[in-house]
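User: Please take a close look at the charged side chains here, first where they pair with one another and then where they face the ligand. I would like one connected account rather than a list.

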Amino acid sequence: MSLPDAAPASSPSPRALRRLRLGGLTLLALLWLAPAAAQDKITLQLKHSHQFQFAGYYAALEQGYYREAGLDVAILEGSDGNEPERDVVSGKAEYGVGASSLLLARLAGKPVVVLGVVFQHSPYALAMRQTSAEPDIRRIIGKRAMIGSLTDELGSADELLAYLVKEGIPPTSFQRVEPTYNTADLINGRVDAIAVYTTNEPDTFDRLGFPYDIYSPRAVGIDFYGDNLFTSEREIANHPARVRAFRAASMRGWQWAMSHQEEMADLILSKYSHRSDRAHLLYEARQMVPLVQPVLVEIGYQNPERWRHIADVYAGLGMVPKNANFDGFMYRQDGGGASLLWLYRVLGAAALLLVVGAAIHFSLLARERRRANAAIRTGEQRFRTMFEASPLGIALVDSITYEYRDINPRFQEIVGRSQAELAAMRWLEAGHPEDVAQIKVQMGRLLAHEVHNFKITNRLFRPDGELVWIEVSVTAIETEKGSHPHHLCMIEDVTDKKQSEALIWQQANFDPLTQLPNRRMFHDRLAHDMLKSQRDRSHIAILFIDLDHFKEVNDTLGHHQGDILLVDAARRIGACVRKSDTVARLGGDEFTVILSELDGTERVEQIAQHIIDSLRQPFPLGQEQAFVSASIGITLYPDDALDIDDLLKHADQAMYAAKGAGRNRYSYFTPTLQVAALNRMRLTNDLRGALKGEQFALYFQPIVHLKSGRIHKAEALIRWNHPQRGVVSPMDFIPLAEASGLIVDIGEWVFRESARWVQRWRHEHHPEFQVSVNQSPLEFQREDGAYDAWLSYLQALDLPGQSVVVEITEGLLLDANATVSNKLLQLRDAGIQVALDDFGTGYSSLSYLKKFDIDYLKIDRSFTRNLAPDSSDMALSDAIIVMAHKLGLRVIAEGVETPEQRDLLAAAGCDYGQGYLFARPMPAEQFDQLLRQQAAA
Ligand SMILES: Nc1nc2c(ncn2[C@@H]2O[C@H](COP(=O)(O)O[C@H]3[C@@H](O)[C@H](n4cnc5c(=O)[nH]c(N)nc54)O[C@@H]3COP(=O)(O)O)[C@@H](O)[C@H]2O)c(=O)[nH]1
């Protein structure tokens with residue numbers, strides 16, 4: 001904001017100024033009193049018949065403002081818009097009310113001067129019958145239209161024609177008809193478009209139920225002034241004080257009229273005209289508010305830039321030359337030769353001394369006033385520009401009726417409605433019903449002066465139904481005493497921000513694959529349900545669901561099919577529970593369910609069983625079908641634990657127990673499970689230090705050639721000598737080593753130990769001695785190149801690949817992805833042989849025996865245990881041996897404990913036997929002894 005200029009260094013002294021001011025004041029009194037005493041009779045010529053459009057002048061008369069200014073004003077109603085111009089120029093009337101076409105008159109050489117702008121925006125617009133199609137001004141092409149006079153060039157409705165031209169519709173493209181100013185012509189279809197005042201005709205249409213569309217030139221940026229108070233240069237030259245007084249009283253009248261609409265309607269009806277009823281006058285008053293903008297703009301204010309804009313539009317139509325000069329068209333209270341002339345006349349009648357003093361005084365005053373006016377104008381202009389160009393939507397609203405008083409373009413843009421549409425609506429009318437109540441509560445506080453402003457985020461609907469999120473800031477505005485309070489409503493479109501927030505929230509709380517709540521949302525929901533359960537003393541069950549064999553599906557059919565299965569599994573689980581329960585995906589193939597508001601556990605078991613049954617059904621995946629099952633752990637709140645982490649841990653332990661018990665079942669959490677879990681955790685911790693602490697020992701169990709009874713092979717089996725627990729079985733710690741990843745280092749140690757011993761036994765006992773080492777799936781599938789290190793190690797010991805056999809389980813071949821196939825090929829190339837462990841317990845698919853390079857089949861000891869002549873296990877063992885031999889594989893029977901078993905296997909042609917009958921697994925030194933004894937025998 002700029003400050004008024006500082007006083008120049010040569011300014012008179014304060015004393016001199018005081019003296020001058022004293023003299024000046026006497027003169028000033030003379031100047032101002034002179035016109036008042038005269039009670040000049042003057043005439044104001046209106047451009048149309050009496051209506052609210054001229055309310056300010058009636059108010060000035062009735063409120064005595066003209067009288068106070070020493071004026072006796074006659075207000076004459078008009079019959080056509082050009083009457084005032086003609087009458088003022090001819091001297092028939094001193095003052096008139098005219099449209100923006102006054103500028104045309106001025107540029108045509110007529111000495112009209114605009115004293116003040118009353119309508120900041122023109123009410124002129126086009127109306128057409130509404131059709132089912134979207135409003136489109138181009139519908140006017142080829143049609144009949146009443147737009148301005150065809151005979152009177154001053155009434156040619158230039159702003160509407162300019163609008164049409166800007167829309168690409170030249171006047172020649174439709175048929176112009178001489179206006180009758182009768183809305184019936186449009187309603188009856190005599191014409192297809194008519195020029196209207198938005199303050200007037202729409203009310204008639206609405207009352208008759210006539211559907212219409214309004215097209216305003218503002219839609220294409222043509223923004224003319226509406227009604228203006230004007231006079232002639234002659235009047236300004238001859239009666240400058242009268243002009244000032246008349247202008248000031250008229251604008252004062254307008255201020256009163258716009259804030260006393262009801263009283264004005266009554267006054268017009270009682271004193272001026274009965275042509276329109278009260279409701280119409282009030283309609284007119286309401287529509288005028290956004291056009292006059294009585295609160296935001298000082299009535300009478302005019303901006304040279306706006307007149308320049310209007311002149312440019314005329315120039316565009318070829319009606320005036322480009323950059324035409326219209327100096328003197330806008331009234332300036334502070335200057336102009338006319339006012340100085342009048343001043344000199346009065347000064348001539350004053351004493352010489354006073355003249356000199358007053359001249360200095362007035363010069364100072366005029367300069368101060370010029371500065372002040374310029375500052376005010378600049379401020380107003382700046383404020384207006386800020387309002388119009390603001391990136392925030394701003395509306396001025398009557399806080400009682402919720403009528404819009406002024407609306408800036410951005411506000412219209414955000415709410416998706418034109419100025420005219422909003423003028424016919426009430427504030428909050430387009431608001432989301434769920435949000436409006438909250439704003440009304442805040443408005444109540446604002447009106448009660450409890451708060452001066454408030455901010456709120458809410459939603460509104462655009463006319464096409466689109467939902468917009470807006471940040472609303474409402475601030476109370478001071479208004480004149482006795483008139484309605486107003487408020488400024490500033491809005492910002494935050495839809496994009498809201499949408500990104502919603503997306504971020506969705507991503508943070510939901511699993512992108514299944515759209516189920518994720519772990520974080522699961523925590524929130526469980527915490528919420530726990531609070532509720534505390535209040536109503538109900539119970540909650542947490543189900544931890546793990547899909548059995550999902551990994552196989554993923555590995556064999558690919559991740560894409562695995563994803564499809566997970567989505568279907570999520571859907572199936574969801575279908576087993578109520579809407580109020582929560583199904584979440586914690587990751588991988590793990591799901592959780594929260595069953596809340598339970599009064600017993602019956603429903604829990606039913607639901608768990610339902611989920612199991614549902615997930616056991618085949619999953620169609622393209623051409624394939626996949627089968628999985630579910631292991632479910634169940635824990636109860638508040639019975640089993642009181643916090644979320646413990647509950648989840650317990651559910652996980654119960655799920656682990658269900659898996660351990662054979663999968664495809666549910667298991668409740670019990671304290672024993674917790675003890676077992678604790679045990680597992682401690683053992684895993686101890687396992688981490690076992691290698692370094694040299695707590696492992698390698699045992700060997702002989703594999704005996706059944707025909708010869710000789711030992712040429714052995715299986716390496718690890719033992720853990722725990723410092724406190726004693727010997728821990730691999731059955732207990734291998735699963736922990738697998739789960740913790742320690743199995744890789746342990747496997748390496750087993751291999752190196754085995755290699756060292758096989759080197760010795762090859763050297764000392766048999767040149768083709770072999771040692772088998774067990775490989776967990778995790779070890780076998782580790783990164784490529786792992787077996788290269790083995791080969792280097794064997795080479796360093798001068799051992800061929802054949803000295804080692806790798807024992808793998810069937811499951812690995814079922815998963816056979818590229819890594820598994822490559823590993824098998826790599827082993828074959830290196831000469832390392834492969835044994836298939838525990839054959840018969842899993843899928844026992846024969847196809848992969850043919851497909852992969854397998855050297856040995858190890859019949860599981862569960863078959864060997866029940867071997868008897870003519871038993872089914874004997875038949876199965878027979879079949880396995882025959883089939884293996886046909887495929888070029890040799891067979892090792894595990895768990896041979898009795899001579900009968902040995903004999904039956906030998907008779908069936910089994911190649912090797914391994915079991916307690918021959919020897920239990922033993923330390924390497926002891927095994928070395930055994931080999932020595934064999935050699936000696
Ligand atoms: N990845 C690795 N796994 C290993 C390693 N060392 C062992 N293991 C696996 O641990 C499981 C249990 O092994 P273990 O307790 O050593 O049991 C082996 C034998 O003791 C047992 N066996 C042998 N003969 C008999 C018998 O006649 N009766 C009977 N009840 N049990 C007998 O069988 C186990 C060997 O089985 P297998 O491996 O299937 O040939 C076991 O799964 C081991 O594989 C290791 O270093 N790495």
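Analyst: A salt bridge here is a side-chain nitrogen of Lys or Arg within 4 Å of a carboxyl oxygen of Asp or Glu. The model is predicted, so local features need pLDDT of at least 70 and side-chain atom pairs count only at pLDDT 80 or more, whereas totals for chains, interfaces and linings use all residues. Residues are numbered from 1 along each chain as its sequence is written, and side-chain values use heavy atoms, with hydrogens and water left out.

Aspartate 829 pairs in this way with arginine 828, their closest N and O atoms being 3.6 Å apart. Aspartate 829 counts as exposed because its relative accessibility is 60%, while arginine 828, at 45%, is partly exposed (buried is under 20% relative accessible area, exposed over 50%, partly exposed in between, with a 1.4 Å probe and protein chains only). Elsewhere, shared partners join Arg286, Asp398, Glu403 and Arg405 into one network of salt bridges. Within that group, the side chains of arginine 405 and glutamate 403 meet at 3.8 Å, N to O, and both of these residues are buried.

Over the whole structure, a search finds 49 salt bridges. One of them joins glutamate 233 to arginine 106, with 2.9 Å between the closest N and O atoms. This pair links distant parts of the chain, since glutamate 233 belongs to helix α9 (residues 233–238) and arginine 106 to helix α5 (residues 102–107), 127 residues apart (helices are DSSP runs of H or I, at least four residues, and strands are runs of E, at least two, numbered from the N terminus). Glutamate 233 has 36% relative accessibility and therefore counts as partly exposed, whereas arginine 106, at 13%, counts as buried.

Turning to the ligand, the shell around it divides into 9 nonpolar, 5 polar and 10 charged residues (Ala, Val, Leu, Ile, Met, Phe, Trp, Tyr, Cys and Pro count as nonpolar, Asp, Glu, Lys and Arg as charged, and the others, Gly among them, as polar). Of the 24 residues around the ligand (those with a heavy atom within 4 Å of it), Glu715, Arg719, Arg861, Glu894 and Glu897 come nearest. A polar side-chain atom of arginine 719 lies 2.9 Å from a ligand oxygen, and lysine 858 places a polar side-chain atom 3.4 Å from an oxygen of the ligand. Strand β24 (710–722) is one of the elements that supply at least two shell residues, and its 4 residues are the largest share.

Definitions and conventions
A polar contact is a pair of N or O atoms within 3.5 Å; within protein, one must be able to donate a hydrogen and the other to accept it, and residues adjacent in sequence count only if both atoms are side-chain atoms.
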